[in-house]
Amino acid sequence: MSKGTVVLAYSGGLDTSCILVWLKEQGYDVIAFLANIGQDEDFDSARKKAENLGAKKVFIEDLRSEFVEHFILPAVQANAVYEDRYLLGTALARPCIARRLVQIAQKEQAEFISHGATGKGNDQIRFELTSYALYSDVKVSLVEKAKPCSAPTDLYLMTKNPDEAPNVPDVLEIEFKNGVPIKVTNVKAGSSKDKPLEMFMYLNEIGGKHGVGRIDIVENRFIGMKSRGIYETPGGTILLQAHLDIETFTMDKEVRRIKQGLGIKFSELVYNGFWYSPECDFLLHCINKSQENVEGKVQLSVYKGQVYILGRESPKSLYNEDLVSMDKQGDYDPCDASGFIRVNAVRYVRIKSRGVLYS
């Protein structure tokens, strides 16, 4: 007699294949779910493998558009970077996958979910926090992982070594509206993309060709240990640099100062698995509000592992060339600076009167 139905987040690899067989041996009916979020995968072979191993049903679903529109683009608006370097690719993918995992469990009236993430990492937290947030009655089936497979010789799959990248740059123009890209144009080729998934895939292609977006870091996992992470985010790196540029060009200084802090907190929440928390929802609303005037075009060059900003334009620019020019007075009285400086120096006088010296 069946112990119940389990929806397994299935990858087709060794770990989740062993988990599928173990769950069957323990008396569970297993539904395998494999998400396509853009990985290089033979999905037909994975389906056949799961069926041959005894899966009752196999769901393979294309979540690429959902992933880009609902998870990656909000992260672009936030300039989301964990610990100053990691662009959160995997961390953003987990709530997208887990949400669909939960939806399938609810549809199939499954009492359990299972996954192949290790308890030492972040992904178990991300999968399970999402599951409990969206399906509070679900039970998580814990399975010890199989012996780890050896890592591939070349860890980077999307990006070329910058030393082997083309000797001619690609020049792109990225147009933003409300802080999200709405059009990507290759200036020399004259070709354009204007749908979110197509834009992101194209930026991955261009960035990968030029070796953009590789990092090798030591990061702090949520559970408290440090780990080495090797990531490649070519499209995300290009978008981050372009968005930072147009945001600085169009956003008020003090609004941006606050928004930078929100972006750091948002990055921590995403990394730690709290995408569906009330505080993350609040931050998303605030960040989205901050992007109302982030509009315009950025031209950039992608070359030998780097992204170089060439220029920008916006109908909502806050830059005033006459005001900032050293050759023109503009709408500014230089005498005002003296009062401004004296007001800011008041605290220095008070500190000095107490005999406090700084060297």
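In what order do the five strands of the open sheet line up? They run S8-S7-S6-S11-S12, with antiparallel pairing. Strands here are DSSP E runs of at least two residues and helices are H or I runs of at least four, numbered from the N terminus; two strands pair if DSSP finds at least two bridges between them. Keep in mind that this is a predicted model, where local features need pLDDT of at least 70, side-chain atom pairs count only at pLDDT 80 or more, and totals for chains, interfaces and linings use all residues. Residues are numbered from 1 along each chain as its sequence is written, and side-chain values use heavy atoms, leaving out hydrogens and water.

Now look at the edges. S8 (191-193) and S12 (306-313) each have a single partner strand, so one side of each has no neighbour in the sheet. On the S12 side, seven bridges tie that strand to S11 (residues 296-303), and Val302 has Val307 in S12 as its bridge partner.

Next comes helix H6 (residues 196-209), which packs on the sheet and touches S6 (170-177), S7 (180-186), S8 and S11. Contact means heavy atoms within 4.5 Å.

H6 also meets helix H3 (residues 64-78): their axes come within 9 Å and cross at roughly 85 degrees. Axes are lines fitted to C-alpha atoms, for helices over the stretch in contact, with angles from 0 to 180 degrees between N-to-C directions. That crossing makes H3 roughly perpendicular to H6, a label covering 65 to 115 degrees. On the H3 side the contact includes Val68, Ile72 and Leu73, and on the H6 side Leu197, Phe200 and Met201 are among the residues met.

Key:
Angles under 35 degrees count as roughly parallel, over 145 as roughly antiparallel, 65 to 115 as roughly perpendicular and the rest as oblique.
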